[in-house]
Amino acid sequence: MKSYDRAEIQGMTIKILHLADIHLGSLAHGKINPVTGINSRLEDFTRSLSLCIDRAVSEPADLVLFAGDAFPDAVPPPYVQQVFAQQFRRLADAGIPTVLLIGNHDQHSQGLGGASLVIYRSLGVPGFIVGDTIATYTIPTRGGKVQVITVPWLTRSALLTRQETQGLSVAAVGELLLEKLTIVLEAEIRRLDPDLPAILLGHMMIDTATYGAERFLAAGKGFTIPLSLVARSEFDYVALGHVHRHQVLCQEPLVVYPGSIERVDFGEEEEEKGYCWVEITQKRVKFSFCPLPARQFRTITVDLTTSEQPLEDLLKTIGAQDIRDCIVRLRYQIRPEQLCQVEQHLIHQALAPAHTYRIMPAVQETSSRVSLPELTPDQVLDPLAALQHYLEKRSDLQPLQADLLSAARHLLEPPQGQLSFLEQQSSLLL
Ligand SMILES: [Mn+2]
């Protein structure tokens with residue numbers, strides 16, 4: 001752990017709120033709130049975000065670090081932009097310095113069209129910094145000065161020229177990108193004032209992280225950064241974004257993903273949601289994860305194929321779950337002949353306490369497929385033998401069996417000296 005000798009720093013504490021992956025405007029699994037006319041999921045995400053801002057304002061925090069992915073994409077509709085601005089404006093009003101980092105979802109087509117958050121720089125919001133490049137900021141706060149290195153989501157166009165990547169495989173480009181990042185980051189680290197606290201704020205995929213839904217959400221394929229590149233003794237805290245599952249990757253220094261503030265999809269069903277509260281005092285970093293009351297997701301899975309009374313069993317399974325106000329998906333396996341026993345309106349009734357739900361029946365296929373005898377390297381079937389085997393199993397084709405076989409023979413084994421039908425076709429192609 002670093003120690004700070006300057007008198008001005010001794011005894012001071014910098015209180016930081018670190019949040020990430022807001023994804024405001026993810027409307028999946030929502031419904032229109034009849035009272036407000038707003039999608040209930042936007043209200044959920046807004047509530048979680050406002051709880052973060054409430055904490056920052058009431059403590060107050062000396063610095064707020066947002067580690068990227070404000071919206072599902074770089075072109076959020078105005079009413080979603082407005083909600084985001086309304087919340088973050090409260091930080092500006094309270095005089096709390098804030099860094100908004102650019103995540104992969106905030107970038108418009110490989111960074112060419114700017115990013116959704118750059119408007120805050122254009123507006124000149126007091127105390128707001130937009131991190132869309134690798135840069136170091138020395139930020140004066142009520143708790144003293146702090147240095148923040150911003151590393152936004154990196155695309156190859158951020159660090160490499162077209163000539164450098166021409167003809168290279170994706171993996172080779174990734175390696176080159178990592179090489180460049182190492183050099184650029186090293187330069188920033190060497191310029192740090194060792195007497196001031198230093199934080200790395202990055203939107204990135206660290207190689208040791210475990211992840212869920214964002215693997216599928218990622219707009220572009222990114223590359224993975226080794227933990228050793230960011231877990232440097234020069235940093236007091238490494239504030240990350242991108243992975244939606246909260247996790248601490250390293251204790252010394254603390255390398256932390258706060259995770260998303262609301263569940264974005266079922267991939268995050270089991271994850272706790274929240275933000276991080278960090279206090280940096282001379283020689284010491286105090287860290288805590290603060291859970292948020294994010295809406296619950298619930299998957300109910302039941303196999304009814306062996307059930308004597310499928311409807312009763314299904315309703316019993318649903319009844320045993322606490323689904324009130326949850327986003328529910330019900331998956332059940334069933335045989336076709338059981339379908340008439342399952343009254344849909346009763347399932348809907350049972351699921352009514354849920355916030356929203358999806359019913360996903362999987363009807364088990366009963367028509368047995370024609371199976372071929374087990375094939376080994378020694379035992380192979382030529383096409384005619386395979387056809388013969390198939391026709392034997394297909395009683396409905398019995399009357400045609402002889403004709404089909406002779407037609408096949410004609411196709412595959414032409415009279416001496418002639419090309420087969422298949423050979424004729426392939427010679428035409430050549
Ligand atoms: Mn991301």
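Hi everyone, let me start with helix α1, residues 40-58. At 1.5 Å a residue, its 19 residues should span 27 Å, and the end C-alpha atoms are 26 Å apart, so the two values agree. Before I go on, please keep in mind that this is a predicted model.

Which residues of α1 are buried? They are Arg 41, Asp 44, Phe 45, Thr 46, Ser 48, Leu 49, Cys 52, Ile 53 and Ala 56. Looking down that list, it helps to recall that an α-helix has 3.6 residues a turn, so residues three or four places apart point the same way. As for what lies over the buried residues of α1, the cover includes β1 (13-19), β2 (63-66), α2 (78-93) and β13 (274-281).

That brings me to α2. Here the 16 residues should span 22 Å at 1.5 Å a residue, and with the end C-alpha atoms 21 Å apart, this helix agrees with its expected span too. Its buried residues are Val 80, Val 83, Phe 84, Phe 88 and Leu 91. The cover over them includes α1, β2 and β3 (98-101). After α2 comes Gly 95, with a positive phi near 70°.

Now, how do α1 and α2 sit against each other? Their axes cross at roughly 10° and come within 9 Å. The two helices are therefore roughly parallel to each other. On the α1 side, the contact is made by Leu 42, Thr 46, Leu 49, Ser 50, Ile 53, Ala 56 and Val 57, and α2 brings Val 80, Val 83, Gln 87, Arg 90 and Leu 91. By class, the residues of this contact divide into 8 nonpolar, 3 polar and 1 charged.

Let's walk along the loops around these two helices. In the loop between β1 and α1 we find Asp 21. Asp 21 is not a glycine, yet its phi is positive, at about 45°. For background, most residues other than glycine have a negative phi, and most peptide bonds are trans. Why does Asp 21 count as buried? Because 27 other C-beta atoms lie within 10 Å, and the cut-off is 20 or more.

Asn 39 also lies in the loop between β1 and α1. It has 20 C-beta neighbours inside 10 Å, so Asn 39 counts as buried. Where does its company come from? Leaving out residues up to four places away in sequence, Asn 39 touches Leu 27, Gly 30 and Ile 32. Take Leu 27: it is 12 residues from Asn 39 in sequence, and the C-alpha to C-alpha distance is 6.8 Å.

Moving on past α1, the loop between α1 and β2 holds Pro 60. The peptide bond joining Glu 59 and Pro 60 is cis, with omega about -10°. Then, in the loop between β2 and α2, there is Asp 69. Asp 69 is another non-glycine with a positive phi, about 75°. It counts as buried, with 28 C-beta neighbours inside 10 Å.

There is a cis bond further along as well, from Glu 252 to Pro 253, with omega near 0°. Pro 253 sits in the loop between β11 (247-251) and β12 (254-257). And Pro 253 leads us into the core, as one of the residues that Val 238 touches.

So, to the core. The largest nonpolar core has 71 residues, and the members that touch the most others are Leu 201, Val 238 and Ala 239. Not counting residues up to four places away in sequence, Val 238 touches Leu 200, Val 230, Ala 231, Pro 253, Leu 254, Val 255 and Val 256. Separate from this is a second core of 15 residues, which includes Ile 318, Cys 326, Leu 330 and Tyr 332.

One more helix pair, please: α9 (residues 310-319) and α10 (residues 344-351). They pack at an angle of about 10°, and their axes are 10 Å apart. That angle makes α9 roughly parallel to α10. From α9 the contact uses Leu 311, Leu 314, Leu 315, Ile 318 and Gly 319, and from α10 Leu 346, Ile 347, Ala 350 and Leu 351. By class, this contact has 8 nonpolar residues, 1 polar and no charged ones.

Let me finish with the whole chain. It has 430 residues, of which 33% count as buried, and it contains 13 helices and 17 strands. Among contacts between residues at least 6 apart in sequence, 70% join residues at least 24 apart. Thanks for listening!

How values were computed. Residues numbered from 1 in each chain as written. Predicted model: local features only at pLDDT ≥ 70, side-chain atom pairs only at ≥ 80, totals over all residues. Core = buried A, V, L, I, M, F, W, Y, C linked by C-beta atoms within 7 Å. Buried ≥ 20, exposed ≤ 12 C-beta atoms within 10 Å, placed from the backbone. Contact = placed C-beta atoms within 7 Å. Helix = DSSP H or I, 4+ residues; strand = E, 2+ residues; numbered from the N terminus. Axes fitted to C-alpha atoms, helices over the stretch in contact; angles between N-to-C directions. Parallel < 35°, antiparallel > 145°, perpendicular 65-115°, else oblique. Nonpolar A, V, L, I, M, F, W, Y, C, P; charged D, E, K, R; others polar. Expected span 1.5 Å × (residues − 1).
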